[in-house]
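Please open the model in your viewer and keep the selection panel at hand. The stops below proceed from the whole assembly down to single peptide bonds.

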There are 2 protein chains.
Amino acid sequence: MGERALAIDIGGTKIAAAVVDADGALRGAVRRPVPVVSGPSGAEQVFAAVWDCAYESLLAAGVGIGELAGVGCGCAGPMRWPAGEVSPLNIPAWRDFPLRERLRELVDDAPVLVHNDGIALAAGEHWAGVARGVHNLLAVTVSTGVGGGLILAGQLLHGGWGNAGHIGHLTVAADGPPCPCGGQGCLEVMAAGPHTVRRALAAGWVPPAGQPADGRVLAACAAAGNQTARRELARSGSAVGAGMAAATNLLDLDAAVVAGGFAQSGPIFWDAMRAGFDRHAGLAFSRRLRILRSADPDRVPLWGAAAFVLVPDRYGWSG
Amino acid sequence: MGERALAIDIGGTKIAAAVVDADGALRGAVRRPVPVVSGPSGAEQVFAAVWDCAYESLLAAGVGIGELAGVGCGCAGPMRWPAGEVSPLNIPAWRDFPLRERLRELVDDAPVLVHNDGIALAAGEHWAGVARGVHNLLAVTVSTGVGGGLILAGQLLHGGWGNAGHIGHLTVAADGPPCPCGGQGCLEVMAAGPHTVRRALAAGWVPPAGQPADGRVLAACAAAGNQTARRELARSGSAVGAGMAAATNLLDLDAAVVAGGFAQSGPIFWDAMRAGFDRHAGLAFSRRLRILRSADPDRVPLWGAAAFVLVPDRYGWSG
């Protein structure tokens, strides 16, 4: 073996990069914020920040471009896949930005694979995280959005257009509220942090003086005993549990791994999620689902991005 | 090529068998009802009827057991898979009946593969039905129950315990009515024929004199203009559409194929299904889903059962 990949993770607010060895070891890990930009040069400024981060990582690891098996990248969606033309919701400067092509130019046409961050999460948990060896796996992340990915029969699932595992838009309430995606009653609109905060505010919750109305503060208030905060946080957890049950009723999964700040805010969310799951998972094959807690939010997305390149039979695709 | 399989389809009320050639041609097709039995010998009487049907098919096709590549069987669930120990809901005489083992004894240990009928449906539509060549496919059947199967990345999906594609227990209404499976708001309880008839009766629908209160009569009354029948049939279709949207939002499918007498009862169901799908499929990758109408209810389950044996790389498994 001895292969290594450059792994890049681009979220809505931060960029991370590292060199990842075939045994999962990370070297030269670097993080920085996505720059706030505007104007016609904004797209290039964001890309420059990505490449600076990646290059700094190579320098810190002491690895040359010629020594890479390739570059793997997880990026916030939506995107065109496998083309790797990305339009992350929270990076307005990038619309149909040819991320994969631009990276290829800089790495001498070494293989570059770009995929949705939810799919990188699933690959990372399965390759080197808490879900190693699981044959049929759902990865879910609940924070500002609800995303995820699927490993089925031991293989990363891509979907026809690269959106498989996008559990945020699983319908969990056919008569539920409209979702910005154009659907109705999607898990994301029932459970994501900002939607939950919005409902709590509408129900009379007020964040403590000087603190923002966000998911973290809502969870803290719930933990401190605020009943409205507690109820809305539990509703979010319950919806995530129902969505996990629906997915395993459909797919006969072995385990689910749950990540994301909102999902990991404490027992109020987690207990409601388990109860929601139990309420909707009636069949024996569904009830056996193991629910795992994601353990390493900084490394998992980079493991996943690296796995695209380092373990192509299981996690890769032909670009 | 020139291989051939014995294909068997066991539903709740009928048994079918045929010899299926590698090009999908059926020879010696035979159908008969599941015998109504009771007492301790009931399980054997049902099995005798299955084997009589299968053997008659071999005779009619002029094919000897030694000329078979193997035996494929789709059977109503639930079952233990891949053991092929079946407990079809509508065949009470069979509880943990070792169908696969019993068939193996009769075919000189030729390969015998037994799987859920919903999974046979998906394999049959994909191998030789209206969904040939679809890379990511959901098959749905709506009649006395709601079942289905999945082809993902060109491969039949089995699931950890052999229940993948079981869309009848996809949660479509998290606060919906309890489902006999132990869950709540499952597609089956929202959409299957008997549940829909029950709701129509509760809402005041009365079948015409001398006719049974079943899905077929309900659909006929809806077509003839009965408003209660029409509303309940449309609600069923709408729930199926929502479930299809949820599945494609999660799995990024290319097409869905819809089978079953209730789903094919006419435009009231079908139009409501499409509208329900449109309401819940907001994302571009979901909206592209092609919705196909199953065309050959007598042959598709036998094609699927044969495909388990004849095309093992795509549809088979190691028993």
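How many residues does the contact take from chain B, and how many from chain A? Before selecting them, bear in mind that this is a predicted model. The contact takes 39 residues from chain B and 39 residues from chain A, and these make a good selection to begin with.

**Stop 1: the two chains and their axis**

Colour the chains separately and superpose chain B on chain A, for which a rotation of 180 degrees with 0.0 Å of shift along its axis is what is needed, the RMSD being 0.0 Å. That is the relation of a two-fold axis. To place the axis on screen, select Ala173(B), whose C-alpha is the nearest to the axis in chain B, at 2.2 Å from it. The same surface serves both copies, since 100% of the contact residues of chain B recur in chain A.

**Stop 2: the interface between the chains**

Now show the surface between the chains, where about 3,300 Å² is buried between chain B and chain A, with carbon and sulfur atoms giving 63% of that area. Display Trp161(B), Leu250(B) and His280(B) as sticks, for these residues supply 19% of the area that chain B buries against chain A, more than any other three residues.

For the polar side of the picture, a search for salt bridges between chain B and chain A gives a count of zero, whereas 16 residue pairs in polar contact are found across this interface, with both residues of each pair at pLDDT 80 or more.

Next, select by secondary structure: strand E10 (146-152), helix H7 (227-251), helix H8 (267-280) and helix H9 (284-287) of chain B are the elements that give two or more residues to the side touching chain A. Of the elements, H7(B) gives the most to this side, with six residues. If you colour the chain B side by class, you will find 19 nonpolar, 16 polar and four charged residues.

**Stop 3: the two domains of chain A**

Hide chain B and divide chain A according to its domain assignment, which gives domain 1 (4-121 + 299-315) and domain 2 (133-293). The centres of these two domains of chain A, taken over C-alpha atoms, are separated by 26 Å, and the contact takes 10 residues from domain 1 and 18 residues from domain 2.

About 1,100 Å² is buried between domain 1 and domain 2 of chain A, and carbon and sulfur atoms give 57% of it. Select Trp81(A), Ile119(A) and Leu121(A), which supply 47% of the area that domain 1 buries against domain 2, more than any other three residues. Here, too, the rule finds zero salt bridges across the interface of the two domains of chain A, while five residue pairs are in polar contact between them, both residues being at pLDDT 80 or more.

On the domain 1 side of chain A, strand E8 (112-116), helix H3 (117-128) and helix H11 (312-315) each supply at least two of the residues that touch domain 2. By class, this side has five nonpolar, three polar and two charged residues.

**Stop 4: backbone details**

Bring chain B back and zoom in on Pro78(B), which lies in the loop between strand E4 (70-75) and strand E5 (79-80) of chain B. The peptide bond from Gly77(B) to Pro78(B) is cis, with omega near 0 degrees. Continue along the chain to Pro82(B), in the loop between E5 and strand E6 (85-86) of chain B, where the peptide bond from Trp81(B) to Pro82(B) is cis, with omega near 5 degrees.

Finally, return to chain A and select Asp109(A), which lies in the loop between helix H2 (99-106) and E8 of chain A. Although Asp109(A) is not a glycine, it has a positive phi of about 65 degrees.

Definitions and conventions:
Residues numbered from 1 in each chain as written. Chains lettered and ligands numbered in written order. Predicted model: local features only at pLDDT ≥ 70, side-chain atom pairs only at ≥ 80, totals over all residues. Heavy atoms only, no water. Least-squares fit on C-alpha atoms with pLDDT ≥ 70 in both. Contact = heavy atoms within 4.5 Å. Domains from an automatic or database assignment. Buried area = accessible area lost by both parts, 1.4 Å probe. Salt bridge = Lys/Arg side-chain N within 4 Å of Asp/Glu carboxyl O. Polar contact = N/O pair within 3.5 Å; in protein donor to acceptor, adjacent residues only side chain to side chain. Helix = DSSP H or I, 4+ residues; strand = E, 2+ residues; numbered from the N terminus. Nonpolar A, V, L, I, M, F, W, Y, C, P; charged D, E, K, R; others polar.
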